[in-house]
Amino acid sequence: MSAKHSPKAPQTDFFNTYATEGFYDEMLNPDGSIRPYYQRFVERLKTMDATEYDNRRRAVDLSFLRQGITFNVYGDTKGTEKIFPFDMVPRIIPASEWEHLQSGLIQRITALNLFLHDIYHDQHILKDGTIPEHYVLSARHFRKEFVGFEVSRDIYIHICGTDIIRDDDGKYLVLEDNARCPSGVSYMLENRRALKRTFPKSFEAIGVRPVEHYADELLGVLDYIAPNETPDPTVVLLTPGVNNSAYYEHTYLARQMGIQIVEGRDLVVRDQHVFMRTTMGLQPVNVIYRRIDDDFLDPTVFRSDSVLGVPGLVDAVRAGNVSLANSIGTGVADDKVIYRFVPQMIKYYLDQDPILSSVPTYLANEDKDRAYILENIEKLVVKSANEAGGYGMLVGPHSTKEECNKFRDLVAAEPRNYIAQPTISLSRHPTYTGTEFAGRHIDLRPYILYGENPVVIPGGLTRVALRENSLVVNSSQGGGSKDTWVLYGDK
């Protein structure tokens with residue numbers, strides 16, 4: 001079929017010519033054979049001709065457009081909304097691999113929560129020098145005002161999206177933790193719905209674990225952290241508004257959970273209690289799932305120019321009358337400098353070795369590391385400590401001399417704000433490019449919920465770098481996504 005397929009239609013028998021090109025490929029072994037846990041899906045794919053595949057792909061795109069499954073691009077002055085590109089070939093993870101990932105993710109969020117409780121209380125890990133004190137105290141999102149403050153159930157991170165990559169040997173590595181306001185879960189859920197319509201018989205036949213219970217699990221976490229174990233608490237989702245890049249997700253999750261979505265102007269604080277304005281008057285609010293960063297939550301405490309937050313909200317939180325998910329101050333765990341010390345946290349608090357390895361990380365604030373970074377910047381990935389979405393980052397091997405020199409100056413001028421890591425190619429996955437299937441680099445963002453017990457949703461958002469040879473998977477940088485199938489078995 002490879003010699004005859006239409007230039008405008010995908011080559012569904014791609015594995016006859018598809019080349020792994022030396023990268024770790026999720027679907028194919030190095031010799032070109034199909035990995036066992038992909039066999040049944042590939043057999044289903046081979047029953048479709050190119051025209052049928054293309055028609056189904058177009059139907060998915062049209063469905064996404066009609067439902068408004070879009071994202072806004074920061075910096076786009078026109079406020080343009082774009083469909084999040086979706087590739088119909090799913091990433092498949094066998095049960096044994098998922099058990100490994102799940103154990104490592106639970107271990108990691110447990111240690112991070114213990115770390116946050118410690119640094120906002122006794123600070124043992126700092127006082128004994130396991131983590132240098134200055135790195136935590138100088139972190140942009142460390143909230144010294146909340147030292148000594150008790151959060152509901154002692155949980156700081158309730159929702160975490162941890163980014164995972166796979167290297168050339170197929171080894172899973174944690175790239176970073178998103179512990180403030182992790183996004184993307186709505187795309188995980190909608191991707192699943194799209195493929196259930198496209199391959200309706202495949203899920204049961206192949207044995208794919210469900211993800212649709214995410215909203216119920218999340219609502220259970222939010223109910224669990226209600227102040228004073230309030231029965232039947234009122235939970236709301238606080239959004240910055242329609243101009244936020246993840247606004248579609250905010251409305252989607254509120255609808256799925258059956259809760260109200262509110263903006264700061266919809267809430268008011270009276271006598272250290274939070275109320276929601278309704279047509280029936282003020283209604284008490286017990287739990288806020290906030291999708292607003294700390295800086296904008298309360299203009300009387302943080303940024304005084306914020307029009308997104310709620311004046312007096314922090315007082316209500318301090319009084320124990322309302323709970324926030326995630327808690328104020330969790331952003332220190334997002335700091336890419338602090339990421340370097342997570343293996344030490346796991347050993348310190350749990351007396352365990354990390355189940356999932358981290359990517360080797362150089363800290364520009366350390367003289368020896370900084371010298372290495374400046375000397376080898378063309379070979380490294382350099383990241384700003386607190387940027388996200390693919391911003392504030394240099395991929396040395398894919399950058400110009402001018403770009404590398406610019407980052408040298410940035411690192412030298414503000415070393416605390418930069419880290420560097422070796423360039424890891426990321427595993428690849430067959431992806432439709434518009435004319436054929438080709439290998440594209442991917443990562444994985446599983447979602448971990450921490451309530452009465454930690455839960456890892458069996459799937460996640462597989463993000464794909466749609467541009468050839470690109471290692472940047474973020475939607476804001478031209479990336480797309482795939483559904484992620486976690487199997488009940490290994491085949």
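In this predicted model, the search for disulfides gives a count of zero. Two cysteines illustrate the result. The sulfur of cysteine 160 has its closest cysteine sulfur in cysteine 181, at 12 Å. A disulfide requires two cysteine sulfur atoms within 2.5 Å, and the separation of 12 Å is therefore too far for a bond. The relation also holds when viewed from cysteine 181, whose closest cysteine sulfur is that of cysteine 160. The surroundings of the two residues were also examined. Cysteine 160 is buried, with a relative accessible area of 1%, whereas cysteine 181 is partly exposed, with a value of 22%.

The nonpolar interior was considered next. The largest nonpolar core comprises 79 residues. Within this core, the residues with the most contacts are Phe115, Ile119, Ile288 and Val332. Helix α3, which spans residues 95-119, supplies the largest share of the core, namely nine residues. A second core, separate from this one, contains 58 residues, among them Leu28, Tyr37, Phe199 and Leu218.

The contacts of valine 332 were listed without its neighbours within four places in sequence. Under this condition, valine 332 is in contact with Phe115, Leu116, Ile119 and Tyr120, among others. Its further partners include Val136, Ala139, His141, Phe142 and Ile338.

Two residues with charged names in the sequence, a glutamate and an arginine, were then examined individually. Glutamate 249 lies in helix α9, which covers residues 247-257. With a relative accessibility of 2%, glutamate 249 is classed as buried, because the limit for a buried residue is under 20%. When residues up to four places away in sequence are not counted, glutamate 249 touches Pro182, Ser183, Gly184, Val185, Ser186, Tyr187 and Arg291. One of these partners, valine 185, is 64 residues from glutamate 249 in sequence, while the C-alpha atoms of the two residues are 7.6 Å apart in space.

Arginine 290 is placed in strand β11, formed by residues 287-290. Arginine 290 is likewise buried, with a relative accessible area of 2%. Its side chain reaches the backbone oxygen of serine 327 at 3.1 Å. Serine 327 also appears among the residues that arginine 290 touches, again not counting residues up to four places away in sequence. The other residues touched by arginine 290 include Cys181, Leu238, Leu297, Ala325, Asn326 and Ile328. Cysteine 181, the partly exposed cysteine described above, is thus one of the contacts of arginine 290.

Methods: Residues are numbered from 1 along each chain as its sequence is written. This is a predicted model: local features need pLDDT of at least 70, side-chain atom pairs count only at pLDDT 80 or more; totals for chains, interfaces and linings use all residues. Side-chain values use heavy atoms; hydrogens and water are left out. Buried means under 20% relative accessible area, exposed over 50%, partly exposed in between (1.4 Å probe, protein chains only). A nonpolar core is a set of buried Ala, Val, Leu, Ile, Met, Phe, Trp, Tyr and Cys residues joined through side-chain atoms within 4.5 Å. Helices (H or I, at least four residues) and strands (E, at least two) are DSSP runs, numbered from the N terminus. Contact means heavy atoms within 4.5 Å. A polar contact is a pair of N or O atoms within 3.5 Å; within protein, one must be able to donate a hydrogen and the other to accept it, and residues adjacent in sequence count only if both atoms are side-chain atoms.
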